[in-house]
Amino acid sequence: MPGMRRPRLLDYDVLLVDLDGVVWLGSSVISENVEALRRAAESGVRLVFLSNNSTRTRRHYSLILRSLGLPVEESDVVTSGYAAARWVALRRPGSNVYVVGEEGLSIESYLAGLNVVDFEYASTHRIDAVIVGLDRLVTYDKLRAALRALHRGALFVAANEDHVLPREDGFDPGAGSIVSALSRAAGREPDFVAGKPSPFIAELALKDMRGAKALVVGDRLDTDIELARRAGLDGLLVLTGVTREPPERAPPNLVGVVKTLLDAI
Ligand SMILES: [Mg+2]
């Protein structure tokens with residue numbers, strides 16, 4: 001884009017890297033981006049991966065990323081599910097929560113020290129929070145249990161509000177679709193949305209790196225680059241995922257648009 005300097009990954013202490021559309025697209029790995037990230041890591045740049053996908057655990061992603069040759073520990077991955085569970089655990093440690101979501105969200109809630117209750121318990125007892133993420137096995141019973149819990153005063157926490165998930169052959173409903181169904185029934189908006197673009201997920205990712213110069217790397221303006229803007233960080237848009245053309249109006253914190261991350265090495 002005119003007037004935009006050429007950004008370099010190596011100018012930063014840490015990269016906050018999106019997964020879907022940056023590291024992989026569906027089931028195919030984006031090898032140019034992985035190669036660039038590997039080189040940045042070899043030069044001493046720290047990598048932290050941020051994903052709005054709450055269906056898998058941080059451990060799951062760290063193992064996949066390691067198999068791609070990237071130096072990644074479980075603690076270098078922050079999912080919206082982990083962020084949602086941490087947010088609840090910070091406010092109400094050890095509390096009872098009901099999860100509308102998949103394994104990744106339930107396990108992260110458990111690992112955050114929360115007590116994950118089943119839908120019969122949630123339908124009949126006062127619990128502290130309902131945590132909602134993408135649930136491809138969502139049922140009427142689950143929504144009913146969540147609604148009853150909200151009516152009894154539970155906090156309403158969303159992993160993210162992504163309405164759709166882009167696929168190779170079209171769009172699938174995202175976590176935001178389930179959050180909206182519950183929101184409509186309960187007549188209230190979530191008390192907190194943990195995933196991108198909420199700056200909370202960036203704060204979690206950078207918690208032991210105060211003062212580090214960080215760059216958010218992602219394929220979406222509305223989640224990745226908006227997160228960067230809200231968190232006061234630089235953003236780099238890579239055209240390997242949802243966004244295929246440089247934006248007409250770039251937000252001021254967008255430091256570059258690249259075809260692949262090799263263009264930023
Ligand atoms: Mg993405």
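In this predicted model, the buried residues of helix H1 are covered by elements that include strand E1, strand E4 (46–51) and strand E14. The residues concerned are Asn33, Ala36, Leu37 and Ala40. Viewed down the axis of H1, these buried positions fall within an arc of 100 degrees, so they line one face of the helix. An α-helix has 3.6 residues a turn, so residues three or four places apart point the same way. Helix H1 itself spans residues 31–42; its 12 residues reach 16 Å from the first C-alpha to the last, close to the 16 Å expected at 1.5 Å a residue. Gly44 follows H1 and has a positive phi, near 100 degrees.

Two of the strands that cover H1, E1 and E14, also take part in pairing with strand E13. Strand E1 (residues 14–18) runs parallel to E13 and is joined to it by 4 bridges, with Leu215 of E13 as the bridge partner of Leu15. E13 is likewise joined by 4 bridges to strand E14 (residues 234–238), again in parallel, and Gly218 stands opposite Leu237 in E14. The connection from E13 to E14 passes through helix H9 (residues 221–231), and this β-α-β crossover is right-handed.

The burial of E13 was examined residue by residue. In strand E13 (residues 214–218), 5 of the 5 residues are buried, so the strand is largely enclosed by the rest of the structure. In a regular strand the side chains alternate between the two faces of the sheet. Both faces of E13 are covered, with Ala214, Val216 and Gly218 buried on one side and Leu215 and Val217 buried on the other. Leu215, the bridge partner of Leu15, thus belongs to the side that also holds Val217.

A further set of strands forms an open sheet of 5 members with parallel pairing, in the order E7-E6-E8-E9-E12. Strand E7 (115–116) and strand E12 (192–193) stand at the edges with a single partner strand each, so one side of each is left without a neighbour in the sheet. Within this sheet, strand E6 (residues 96–100) and strand E8 (residues 129–132) run parallel and are joined by 4 bridges; Val99 has Ile131 in E8 as its bridge partner.

Helices pack against these strands. Helix H7 (residues 175–186) touches E6, E8 and strand E9 (155–158), and its direction makes about 145 degrees with that of E8. Helix H4 (residues 103–111) lies across E6, E7 and E8 and runs at about 165 degrees to E6.

H7 comprises 12 residues and reaches 17 Å from its first C-alpha to its last, close to the 16 Å expected at 1.5 Å a residue. Its buried residues are Ala175, Gly176, Ile178, Val179 and Leu182. Seen down the axis of H7, they fall within an arc of 160 degrees, so they line one face of the helix. The elements covering these residues include E6, E8, helix H6 (140–151) and E9. Just after H7, Gly187 adopts a positive phi of about 70 degrees.

Beyond the edge strand E12, the backbone contains a cis peptide bond from Lys196 to Pro197, with omega near 10 degrees. Pro197 is located in the loop between E12 and helix H8 (199–205).

Notes
Residues numbered from 1 in each chain as written. Predicted model: local features only at pLDDT ≥ 70, side-chain atom pairs only at ≥ 80, totals over all residues. Pairing = 2+ DSSP bridges. Contact = placed C-beta atoms within 7 Å. Axes fitted to C-alpha atoms, helices over the stretch in contact; angles between N-to-C directions. Expected span 1.5 Å × (residues − 1). Buried ≥ 20, exposed ≤ 12 C-beta atoms within 10 Å, placed from the backbone. Arc of directions from axis to C-beta. Right-handed = clockwise from strand over helix to strand, strands pointing away.
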